[in-house]
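Me: I would like to learn how to read the contact between two copies of a chain in an assembly. Could we go through one case slowly, feature by feature?

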Amino acid sequence: MTKLRRVVLDVLKTHEPKLTDLALEICALEGIDGVNITVHEIDKSTESVKITVEGYDLDYDVIKDVIETMNGVIHSIDEVAAGTKIVDEVKTPQDR
Amino acid sequence: MTKLRRVVLDVLKTHEPKLTDLALEICALEGIDGVNITVHEIDKSTESVKITVEGYDLDYDVIKDVIETMNGVIHSIDEVAAGTKIVDEVKTPQDR
Amino acid sequence: MTKLRRVVLDVLKTHEPKLTDLALEICALEGIDGVNITVHEIDKSTESVKITVEGYDLDYDVIKDVIETMNGVIHSIDEVAAGTKIVDEVKTPQDR
Amino acid sequence: MTKLRRVVLDVLKTHEPKLTDLALEICALEGIDGVNITVHEIDKSTESVKITVEGYDLDYDVIKDVIETMNGVIHSIDEVAAGTKIVDEVKTPQDR
Amino acid sequence: MTKLRRVVLDVLKTHEPKLTDLALEICALEGIDGVNITVHEIDKSTESVKITVEGYDLDYDVIKDVIETMNGVIHSIDEVAAGTKIVDEVKTPQDR
Amino acid sequence: MTKLRRVVLDVLKTHEPKLTDLALEICALEGIDGVNITVHEIDKSTESVKITVEGYDLDYDVIKDVIETMNGVIHSIDEVAAGTKIVDEVKTPQDR
Amino acid sequence: MTKLRRVVLDVLKTHEPKLTDLALEICALEGIDGVNITVHEIDKSTESVKITVEGYDLDYDVIKDVIETMNGVIHSIDEVAAGTKIVDEVKTPQDR
């Protein structure tokens, strides 16, 4: 199954709309099982968050649209997983 | 299922009412499976606590009302999860 | 189920009665599945202990009574959990 | 069930009798499922060990008798657990 | 079963094509269960990523071809696993 | 069941016989489920190894005989477990 | 069952043949369930790798032959396990 299963996004957003609304909006999309949004830094008018989306058939461009519609900018894609099973990153001696 | 499943809140509260009463009050709400309250700092008249609420259909505004009724102020939402499954934050090399 | 499921208490007690007797006394109460007492510091006449009580319907005031009857003083409630499931604290970037 | 389920003891003992004999002697007592003895420091004529005893109905005084009979002195009880389930210590922000 | 089950690759790639497209392209190959791509460093025109591929019969040369076709260069193979079960690296005192 | 279930031994041995032969010789004894030998330090003519033996009825003296027959000397017994279940050491605040 | 179940080897090899070929060659041997090869250091003409082999009846001499045939030299055996179950090394206070 050549489907996208997980994307981890580094996103800068304004304080509004709230995290709860952004999470509900993303997980209303097709092919999504769940979304986690974690706050990493809070500034005066913006916050830096990490968004982890998991599902059985993610569409990156649609997710990106929703985030931008809700005043967010994707700084980078930090991790992706695709396939019939979600493979996690394997730690190697180079990472230690 | 586009339901809110977890919120993690950074809250400042007065010492009264007690943590046990606040926890019982929150988990009496609709759609909640459980709540955890952990103390992070204690000052003379206030304490800084982290409140983790998990359930099958959380309503952020109602949770916020209960906390404020019981002398608490939400400083920030630190994490939210939504969907048919609760997705945890994935650690990436950027976090290490 | 709006029941108290876990309380974690920071307690100062005299050396007597022994930890084993205090643990047995607490878990003889209604609604308790188990209790753990861990020693954190030992002084000449007192010891600082952490008491973790888990169950299906804890009554904080009754637990407090038992601890005080056995020469203990509760310095603080460090964590509580309530609901149909015991929710653990979720670590967020703010804790690291 | 108001029974003692785990005790963790800080014990100073002479090198003889051997750890294997002490462990077998303790777990021959009533109500015990298993015992672990770990060496923490070795001196010329003594060794400092941690003894963890788990079971369904421990009797502290009888365990203490066996240890003293085998040339051991209990310096402190470091942890106890009682109840129908063995509850582990919960880490809180105060421990970090 | 003398089949390749996991390869972990240190890859330098241009920003385009995106991680999501590279992941989908790799997991469209024969014998693959899933692929994970994690970003380790981002430079002006390139990014350093770790690619973990798991499956029941991997073909390294075909994976390499796909990566190179999509503007990636394999710097090193960091880990491989083969056999009827995927064996993880065992940590030894030499690694600590 | 007052049987010995685990012993962890700090052993100094000559390079010959090899670890593989020593492991096979120990696990050929009665009452043993498995043995692990890990190298901690290698010197010119000797190596310092940790031997973990687990089973349903270990006989320390017989294990000691095998080790000595194969040019090993037991420096210390670091841990033992006995009983119907193998109890692991419980970490307490004193260990941190 | 007095069979060898795991060997962990510290090996120096030339860059060719590739890790994938060495892994496939080892796991084609009798009695092997899987093999993991992890790179620890890369030099100009050689690389230092850790090879973990697990199975139900390993033959160390045959594994050694395959490694040497493929331009590898075993520097040391770092860990072995034998028996009906694979026992892992137990951490003791001496290791911390």
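The dialogue below goes through a predicted model, starting with a single chain and then turning to the contacts between chains.

Me: Before turning to any contact, which order do the elements of chain A follow from the N terminus on?

Reply: It helps to fix the order of elements before asking which of them touch a neighbor. In chain A the elements run β-α-β-β-α-β from the N terminus on, which comes to two helices and four strands, and the C-alpha trace spans about 40 × 35 × 20 Å along its principal axes.

Me: How many residues does each chain bring to the contact between chain E and chain A, and what area is buried there?

Reply: Residue counts and buried area are best read side by side. Chain E brings 25 residues and chain A brings 28 residues to this contact, while the area buried between the two chains is about 2100 Å², with carbon and sulfur atoms giving 58% of it. On the side of chain E, the residues that lose the most area to chain A are E:Thr20, E:Asp33 and E:Asn36, which together account for 22% of what that side buries.

Me: What polar pairs and salt bridges are counted across this contact?

Reply: Side chains of opposite charge can pair when their charged atoms come close. Between chain E and chain A the count is three salt bridges, and 12 residue pairs are in polar contact, with both residues at pLDDT 80 or more. One of the salt bridges joins E:Glu54 to A:Lys85, with the closest N and O atoms 2.9 Å apart. Over all chains, the count comes to 70 salt bridges; the pair just named crosses between chains, from strand β3 of chain E to the segment after β4 of chain A.

Me: Which elements of chain E supply the side that touches chain A, and which one gives the most?

Reply: One can sort the contacting residues by element and then by class. At least two residues each come from β1 (4-14), α1 (19-27), β2 (32-42), β3 (46-55) and β4 (72-83) of chain E, and β2(E) gives the most, with nine residues. Sorted by class, this side of chain E has 10 nonpolar, six polar and nine charged residues.

Me: In which sense do strands pair across the chain boundary, parallel or antiparallel?

Reply: Strand pairing is read from the bridges and from the residues that stand opposite each other. Strand β4 of chain A (residues 72-83) pairs with β2(E) in the antiparallel sense over five bridges, and A:Val80 stands opposite E:Ile37 there. On chain E, β4(E) pairs with strand β2 of chain G (residues 32-42), again antiparallel and over five bridges, with E:Ala81 opposite G:Asn36. Within chain G, nine bridges join β2(G) to strand β3 (residues 46-55) in an antiparallel run, G:Ile37 stands opposite G:Ile51, and the two strands form a hairpin with three residues between them.

Me: What turn lays chain E on chain A, and why do the copies meet through different surfaces?

Reply: A superposition gives the relation between copies, and a comparison of their interface residues tells which surfaces are used. A turn of 51° with a shift of 0.0 Å along the axis lays chain E on chain A with an RMSD of 0.0 Å. Only 20% of the interface residues of chain E are also interface residues in chain A, so the copies meet through different surfaces.

Me: How far apart are the closest C-alpha atoms of chain C and chain E?

Reply: Pairs without contact are worth noting as well. No contact joins chain C and chain E, whose closest C-alpha atoms lie 19 Å apart, and chain B and chain F do not touch, with their nearest C-alpha atoms 19 Å apart.

Note on methods. Residues are numbered from 1 along each chain as its sequence is written. Chains are lettered from A and ligands numbered from 1 in the order in which they are written. Side-chain values use heavy atoms; hydrogens and water are left out. Contact means heavy atoms within 4.5 Å. Buried area is the accessible area (1.4 Å probe) that two parts lose on being put together, summed over both. A salt bridge is a side-chain nitrogen of Lys or Arg within 4 Å of a carboxyl oxygen of Asp or Glu. A polar contact is a pair of N or O atoms within 3.5 Å; within protein, one must be able to donate a hydrogen and the other to accept it, and residues adjacent in sequence count only if both atoms are side-chain atoms. Ala, Val, Leu, Ile, Met, Phe, Trp, Tyr, Cys and Pro count as nonpolar, Asp, Glu, Lys and Arg as charged, and the others, Gly among them, as polar. Two strands pair if DSSP finds at least two bridges between them. Copies are superposed by least squares on the C-alpha atoms of residues with pLDDT of at least 70 in both.
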